[in-house]
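The following note records points for a colleague who is examining this complex. Please read it alongside the sequence and coordinates shown here.

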Amino acid sequence: MKRWRMPATLALAATVLLACSGQRPVEPGAPSGAPATGPAQGGRLIYALSADANGFNPVTDQFAAQSYSMSGTIIEPLVSVDADGGWKPYLAESLTPNQKYDEWTIKVRSGISFSDGISLTGDIVKANLEAQKRSPLTAAVFGPIESFELPDPMTVKVVLNQPWVAFPYYLAAQNGMIVPPSSLTDPKTASLKPVGTGPFLFKEYVPDNRMVVTRNPRYWRQGLPYLDEIEFRILPDSQTRAQTLEAGGVDAIGTSRDEDLTKFGALKDAYTVHRAGGMAVAEYMFLLNTAVAPLDDVRVRRALAYATDRKTVISTLRGGLTQPADGPWSKDSPWYAAGGYPDYDLAKATALIKEVEAEKGPISFELISTPDPNTMQGVELAQDMWRKAGVKVTIKQADQADLINRAITGNYAATVWTQFSAQDPDGEYIWMHQAYAKPVGAISLNMTRLKDAKLSAALDTGRTDPDPAARKSAYATVQERLRELVPYVFVDHLDTGAIIAKTKVRGIGEHVLPDGEKGLPLTGSPVPYHPFGQLWVSER
Amino acid sequence: MIVVHRLVRLLVVLVVVTFLSFALLNLLPGDPVTQILGLSATEEARAQLVRELGLDQPLLVRYLDWLGGLLGGDFGTSYITRMPVGGELAGRLPVTLELLVAAQIVALGLAIPVGVAAARRAGRALDQALTALSFALLSTPVFVLGVLLILVFAVTWQVVPATGWTPITLDLGWNLTSVVLPAITLGCGQFAVYARLLRTDLIATLQEDYITLARARGLSPRRILWRHALRPSAISLITAIGLNLGALIGGTVIIETLFGLPGVGRLIVDSIFSRDYLTVQGGVVLISVGYVVVNFAVDLVYAAVDPRIRRA
């Protein structure tokens, strides 16, 4: 009986030691002899994401940043954004407006096939856009679209019910991602096994664990992609994600933790840190319900802004890494207009509160926060700052689903919030326009429920006037009105969203668009995303 | 007869637990509609989806509808992924089961020799060290222990991967490496409980008359300890193994998130946050059945371990 024990124990120990030796099973296409001078073909990348996708079908599944990372390797959009923030054709060869900008003609690029062998044509693009228009996900966004026409096999005409200058930007996201007819007829399969024209092919997906894509040998962009395979690994805990990178378990991670930026940023020989910037960055703010007391009084809202010491919040919450925000667009954006925001001034805040209190009595309201420690810390800071101005704030915790539900139905006074990362200011139209402000209790996309004719008129001008100067002036008015009426107490531009990679991973944020322009390096929030077709792995 | 009795009890437990969880989930503010459609959906689109998902029906109607499906083996369809809940759970179950079994192996593999050694030298240095270690492990949250273990074994020594999961069917060796840290993290707390319980019961057993008799007959201390004292002292330990299953499943939620394991615990937590009621319900059924079955098995093991119980 005992005779087998020793050999069995040794065999088990040997198996465990072998398994624990760090020798991962051999993967196909390991990098081989990459020249130091330029992109090398081959190699495998393991890329850690903070969350799984809700599905990979752009017509039926709501896309977050991680969805774009994963499905963007397989499915491509009609339009992309260049490094200057301008839209550029991608699967489209061109997009041309009529003189009034209430018709857009999309010419589809020829010679492109889906990985299932079907050629990309105008009728497939039209079917995709029609499906998007029907989808409950995008009905509000595609509201101005009247109809789609097919003047010739490679051209789609989009007829609008109003001029829409920034329409192409909407085709750079989920709404413009093109799938083959099989995915439109079988959306369930498309949710799990995406098919597209992209540089990679779907290989494997294990929910909440990993997605693996392999090189598309028939990709329409010659010489691309460089990598043979990418494994996206879902690691929700930010600390273990960073530790896995350090341990060598993954080659790159997405993060929004300032300590990761500081720590890995200091190790320049081993890691590269790529931070999102410009319009791609969302703003951290407090959303105020202007339809309920006491925040229906603009003096109270202005007092809150005056009482908010943004620099203290930034140094406490973000290690001083971000910049204060005074509107939805940062100072490096071409749309930014300076001036007029109620900067920190406790005396002014106190005076305003006293004035209101003299008329209406003590000011108090509830501030909603998600329960995570970092968010709670920010909310407690605000509570303390606002208390100093004479406002009594009670903090209420709600999980993400509850918080969003409260915001859209108006069942809140103030809540912590992050928003505004569209490439073009028109992307914020539905969140600020008075046409989307509904009474408390009804679903309102304009969650502050601010109804301001000047603000809405400026948003309309920005949407419909093709003159860049007129648009810039209109969005300056938008910022002016937001600073005057304070439906949001802005805190900072959340540009701590970053991709951190080992130095051997090259090409992050350096992609070139089909017509030769440099692409926008990173986009999305809180953790940014980028294309993978031009990433490569060097020897070291 | 006992099996029939247990089955009836299981059914009652299932109905009560699933109804309570169904009702509690529905009391939570928020719904899956925003999760599915996003912020920019219109009121009409939201209303249509509410109808499609049957969320406009009264709670009891929805529960009975779900229960009817469950009796036919249908766990329902996930609101978020639109996949059958049964399939989703079946895909995750092997991960959680392996983690639970591995954690128990770690806990028992350490607790039995350490508990026996401590009982044999009660009050001496080893026993006191065990007491100190037990309290240290019991008072350390699993997420702290997990991060520490990752730091030491994955980041510093790089002998095991920090995170990730390889199914056993794909590669046994790599599967072992991916389960070893999570299992140690989860098993350490249980080890402390089990070792303390075994030590206490063994000390009591070693005071029994039949042990004195065995000593008088000249049996070696080792033989007395392992052959005659251990089995009757294991009853509390076996009870704890069954009862701790709930705590272990709770622990898997944290462990699976920390180590990026695609298990049932993580699925349930994600589903609670996305208000995917039917997936949560499926998970609750699975855990309830597992809990009752394991404790039923524990009852059977009692008799095998201690013949006095069988005779009683």
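1. In this predicted model, H7(A) lies across strand E1 (44–49), strand E13 (252–255) and strand E21 (498–502) of chain A, and runs at about 155° to E13(A). Helices (H or I, at least four residues) and strands (E, at least two) are DSSP runs, numbered from the N terminus. Axes are lines fitted to C-alpha atoms, for helices over the stretch in contact, and angles run from 0 to 180 degrees between N-to-C directions. Two residues are in contact if their C-beta atoms, placed from the backbone, lie within 7 Å. Helix H8 (residues 258–266) of chain A lies across E13, E14 and E21 of chain A, at about 140° to E14(A).

2. The strands beneath these helices belong to an open sheet of 7 strands in chain A, ordered E10-E11-E12-E1-E13-E21-E14, with mixed pairing. Two strands pair if DSSP finds at least two bridges between them. At the edges are strand E10 (200–206) and strand E14 (271–275) of chain A, each of which pairs on one side only. On average, neighbouring strands of this sheet are turned by 20° against each other, direction ignored. Within the sheet, strand E11 (residues 210–215) and strand E12 (residues 229–234) of chain A run antiparallel and are joined by 5 bridges. Val213(A) has Ile230(A) of E12(A) as its bridge partner.

3. Chain A also has an open sheet of 4 strands, with the order E5-E6-E8-E7 and antiparallel pairing. Strand E5 (92–97) and strand E7 (145–152) of chain A are the edge strands; each has a single partner strand, so one side of each is left without a neighbour in the sheet. Here, too, the average turn between neighbouring strands is 20°, direction ignored. E5(A) pairs with strand E6 (residues 103–108) of chain A in the antiparallel sense over 5 bridges, and Pro97(A) stands opposite Trp104(A) in E6(A). Helix H3 (residues 122–134) of chain A lies across E6, E7 and strand E8 (155–160) of chain A, running at about 170° to E7(A).

4. How is chain B built, in helices and strands? Chain B contains 14 helices and 0 strands. Its C-alpha atoms fill a box of roughly 85 × 55 × 35 Å, taken along the principal axes. Of its 312 residues, 39% count as buried (20 or more other C-beta atoms within 10 Å of the residue's own, with 12 or fewer counting as exposed and values in between as partly exposed; C-beta atoms are placed from the backbone). Among contacts in chain B with a separation of 6 or more, 73% come from residues 24 or more positions apart.

5. Within chain B, H5(B) and H12(B) pack at an angle of about 130°, their axes 7 Å apart. The two helices are therefore oblique to each other. Angles under 35 degrees count as roughly parallel, over 145 as roughly antiparallel, 65 to 115 as roughly perpendicular and the rest as oblique. H5(B) contributes Glu88(B), Leu89(B), Arg92(B), Leu93(B) and Thr96(B) to this contact, and H12(B) contributes Val264(B), Gly265(B) and Leu267(B). By class, these residues comprise 4 nonpolar, 2 polar and 2 charged. Ala, Val, Leu, Ile, Met, Phe, Trp, Tyr, Cys and Pro count as nonpolar, Asp, Glu, Lys and Arg as charged, and the others, Gly among them, as polar.

6. Which parts of chain B touch chain A? In total, 49 residues of chain B are in contact with 47 residues of chain A. Helix H2 (32–37), helix H3 (43–53), H7, helix H8 (172–205), helix H11 (235–258) and helix H12 (264–273) of chain B each supply at least two residues of that side. The chain B side divides into 26 nonpolar, 16 polar and 7 charged residues.

7. One inter-chain helix pair merits inspection. The axes of helix H7 (residues 238–247) of chain A and helix H7 (residues 142–156) of chain B come within 9 Å and cross at roughly 10°; H7(A) and H7(B) are therefore roughly parallel. Residues of this contact include Gln239(A) and Glu246(A) of H7(A), with Ile150(B) and Leu151(B) of H7(B). The contact has 6 nonpolar, 3 polar and 1 charged residues.

8. As to confidence, the predictor gives the complex an ipTM of 0.80 and a pTM of 0.85. Chain B averages a pLDDT (the predictor's confidence in each residue, from 0 to 100) of 87, and 97% of the residues score at least 70. Among the elements of chain B, helix H5 (residues 85–120) has the highest mean pLDDT (93) and helix H14 (residues 307–311) the lowest (65).

9. On conventions, residues are numbered from 1 along each chain as its sequence is written, while chains are lettered from A and ligands numbered from 1 in the order in which they are written. For this predicted model, local features need pLDDT of at least 70 and side-chain atom pairs count only at pLDDT 80 or more, whereas totals for chains, interfaces and linings use all residues.
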